[in-house]
Amino acid sequence: MTTTPIPAPTPDPTLAGTGASRGVADLLIVDADIVTMAPDRAVVTGGAIAIADGRIADIGPADALRVGYPHTPELDAAGCLVVPGLVNAHQHTTADPLIRSGIGDHVPARQAIFDWIVPLHASVTGDDDELSATLTAVEALSYGVTTLLEPGTVAHPLRVAAGLRTAGIRARVGRWGWDAPDAPYAMPAADTLAAQAETVTALAGDPLVTGWITLVGHDLVSDDLFTGAAELAERLDVPMTWHLSPSADDPAAYAVAGRPRPVLHLRDLGVLGPRLLLGHAVWLDDDELDALAASGTAVASCPGAYLRLGQGVTRAGRHTELLRAGGRLALGCDSHNAGDTPDVWRAARLFAGLDRDRGAPDPLRADEVFALATIDGATAVGLGRLTGSIEVGKAADLVVLDTRTIAWTPRGDLATQLVWGAASHTVRDVLVDGRPVVRDHRITTVDVDALRTEVASRGADLLRRAGIDIPHRWPAVPATEYRAHRTGPAGVTPPQ
């Protein structure tokens, strides 16, 4: 990728103060209402947050924090709401972002995979993957998403990690693995595990972007690879993820192969557990739901993708039942040709609406759904001690919402407004690990104009190399031609 990252900024002259002493505090966010998402769910009104070395050092009245942390730069959040950074537990960042919303919603999922996704991944370069990861992270940050979990990329995971790191988002990255005979890009189990270990080892110690084990899942993985991945994750002490049962296809394929239902098969292999995050798990029977809840296996629910692809979530979805049974759940957005945008606010709203409209006996309330987007989602993916709530000692992953806008006028119940209102477009500032990555609605880490130009160029090149033309359902007509064919001699459109 040739887009040049913007260096870490010098102190912003719009931040009041004379600069912090090292080891005292780096920034005070002042005069905000703070949605902590701590265990008591307190909202601190008229409060301030002190940030030191990337962590939340203190929370309290602005005057008290000014005395405790003198000469510290300030971010004025008067009239604003501060919430924890959102967690996206399932977001693909390669290939699709460069042709976003290019695969029509009339194209069946299997056709989309083999006629579009497979050729695209065969054609992407490392530069493409790094660029598309940067693009995804920049968009996610603009929506207040501070943690993004990439559930697998085909060819260039370290370039993906570089792109995410450039944008400044907290992330996990892995190289997809599968070993089904004759499947595109498949490798023997031993080679797949070696590639997984290489990615995790290469990213070890990175403060923001680390590696994890990512199998493609479905029915494309042998028992040896499933169990080998679990053993590798245990040895390297990292989590793992793969896809399972987003539609009825996986249960049907497991039945044809003489396997038990997918989750029960994983249980029998001994690979379920708190280290595993399953993408989707929509089509579950009672025994599978019980197995997930009992084992502590987490699930990433991507409601926008299920609706876009018509995968039957309104008929089969049981994610609320899983949560009520003590299971672990987070929200995700999938890919730019499934969920189409890494906007966790939208995922939360869709989840809440589908849950209520489905007639679930005990649907999730808005406060519970917002917890899925923040602290409960962070806990589900093993990051609850680090992020997801605003508490002293945790990472300063914070989002400032400008509630002086019409969308917040007047303020209602905060939980209801955060989930059902239009919160994402009121994101003003975003901090990840204490670093401002969005300031006054503008990304601070990447030259967005240069990014936009490079994405347009590389996206077109990628489509040419893959031999794909995006079919546009509405004709594009040059203005001169349009006027010549649709107006009378005097240049005036005749009445219809």
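How many aromatic pairs does a search of the whole structure find? The search turns up three, and two of them appear in the close-ups below, all drawn from a predicted model.

**View A. Trp176 and Trp178 form an edge-to-face pair.** The ring centres of these two tryptophans lie 5.7 Å apart. Their planes meet at 80°, over the 60 degrees needed, so the pair counts as edge-to-face. Both Trp176 and Trp178 are buried.

**View B. Phe226 and Trp242 make a tilted aromatic pair.** Here the distance is 5.0 Å centre to centre, with 50° between the planes. Phe226 belongs to helix H6 (residues 223-236) and Trp242 to strand E12 (residues 240-244), so this pair ties together parts 16 residues apart in sequence. Phe226 and Trp242 are both buried.

**View C. Leu164 sits in the largest nonpolar core.** This core has 111 residues, and Leu164 and Trp242 are those with the most contacts inside it. Helix H3 (residues 126-142) supplies the largest share, seven residues. Beyond its neighbours within four places in sequence, Leu164 is in contact with several residues, including Ala133, Ala137, Ile169 and Val209. Another core lies apart from this one; it has 16 residues, among them Leu27, Ile34, Val82 and Leu398.

**View D. Two arginines place their charged ends over aromatic rings.** Look for Arg172, whose charged end sits over the ring of Trp212, 5.6 Å from its centre. Then turn to Arg259: its charged end sits over the ring of Tyr254, at 4.8 Å from the ring centre.

Notes. Residues numbered from 1 in each chain as written. Predicted model: local features only at pLDDT ≥ 70, side-chain atom pairs only at ≥ 80, totals over all residues. Heavy atoms only, no water. Core = buried A, V, L, I, M, F, W, Y, C linked by side-chain atoms within 4.5 Å. Buried < 20%, exposed > 50% of the residue type's maximum accessible area, 1.4 Å probe, protein only. Helix = DSSP H or I, 4+ residues; strand = E, 2+ residues; numbered from the N terminus. Contact = heavy atoms within 4.5 Å. Phe/Tyr/Trp six-rings, centres within 6.5 Å; stacked < 30°, edge-to-face > 60°. Lys NZ or Arg CZ within 6 Å of the ring centre and 35° of its normal.
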